[in-house]
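This briefing is for a reader new to the structure. It covers the nonpolar core, the aromatic pairs and a surface patch.

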Amino acid sequence: MARVYNFSAGPAVLPEEVLKEAAEEMMDYRGCGMSVMEMSHRSKMYDDIITTAEADLRKLLSVPDNYKVLFLQGGASLQFAAVPMNLMKNKKAGYIVTGQWAKKARAEASIYGDAVELASSADKTFSYIPEVDDLPITDDMDYVYICENNTIYGTKYQNLPNTKGKDLVSDVSSCFLSEPMDVTKYGVVYGGVQKNIGPAGVVINIIREDLIREDCLEGTPTMMKWKTQADNGSMYNTPPCYGIYICGKVFKWILDMGGLEVMKERNVKKAKLLYDFLDNSRLFRGTVVKKDRSLMNVPFVTGNDELDARFVAEAKEAGLENLKGHRSVGGMRASIYNAMPLAGVEKLVAFMEDFESKNS
């Protein structure tokens, strides 16, 4: 069967070059006679894999020496608890709520302290990013938290909030490595890799070293302490070995493509093609304020639930998979991550044009 164009929000499309290379190495990784899946994480060969992966990620993002890179488990959702456990010394932090994941992160942090809602876009179904230039941040807040790209609702911060000197913590799961970013503007950046980087099961944390301390909140499990993981090179226990191996291949793929500047150019081109069609369509419309649109996740609707369902079903028959919107909002959503080729978006737009001509 031919490969489909997979518009899933995650787990998501991976570069074909990476999949083919991994397939070739499945039974025998570089002459060692075994798969990476079977390899000891304490072996010299695996140490080379994880060390190279970290070095390539540092190169892609120009990660400064005073930031640690950790390859962890539990996905982004486990970090909803790890962030307050490791950072909430004053038992107070500020959260900007722009979607379900920021909302869930704030709810989790509320278990450990006062998670103050600094701003929210819930009043308009999270279809925009609120103003973040002058937030009610107080001196006793330990950090300010955002979800930078909102997978479900298709919004993205175009400018980071003014944190008034407080450390910024950002969940970048669905925009990770889609464009350049200045790591020094953050105290902590983390993201699940299953959108843009690799298979589900790995979360990458990039943490400024002064925020990695022993004095976490009382009761913090050993495994949840960033210091435990940092002191052991992400190998306090067996890491998600195969997932990290695939991430490393994706880092190489991005570097070979020309790095994050080139990746952004590709992503802008794909997103423009789809947004331009939506802006001129007689049947479909995007659901996000234009200035806050994501390059990665594009939600859209016809305004008719029955027609939306027919579109998703017919698109699937045409080899355009996973276009159904998140259950909380309905409609459709095209996730066009790094590995989605331009040809996939072109085929989607052509299908939408044909569907519109038949259903307007």
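The largest nonpolar core (buried Ala, Val, Leu, Ile, Met, Phe, Trp, Tyr and Cys residues joined through side-chain atoms within 4.5 Å) has 59 residues, and those with the most contacts inside it are Leu61, Leu177, Ile204, Ile206 and Phe251. Buried means under 20% relative accessible area, exposed over 50%, and partly exposed in between, with a 1.4 Å probe and protein chains only.

This is a predicted model: local features need pLDDT of at least 70, side-chain atom pairs count only at pLDDT 80 or more, and totals for chains, interfaces and linings use all residues. Residues are numbered from 1 along each chain as its sequence is written, and side-chain values use heavy atoms, with hydrogens and water left out.

**Core**
- Elements giving two or more residues to this core include α1, α2, β10 (203-208) and α6 (241-257); helices (H or I, at least four residues) and strands (E, at least two) are DSSP runs, numbered from the N terminus.
- The largest share of this core, 10 residues, comes from α6.

**Aromatic pairs**
- There are 14 aromatic pairs, counted for rings of Phe, Tyr and Trp (its six-membered ring) with centres within 6.5 Å; planes under 30 degrees apart are stacked, over 60 edge-to-face and the rest tilted.
- Tyr145 and Tyr190 form a tilted pair, 6.5 Å centre to centre with 45 degrees between the planes.
- This pair links distant parts of the chain, with Tyr145 in strand β5 and Tyr190 in strand β9 (residues 188-192), 45 residues apart.
- Both Tyr145 and Tyr190 are buried.

**Exposed residue**
- Met37 is found in the loop between α1 (16-24) and α2 (44-61).
- Met37 counts as exposed because its relative accessibility is 55%.
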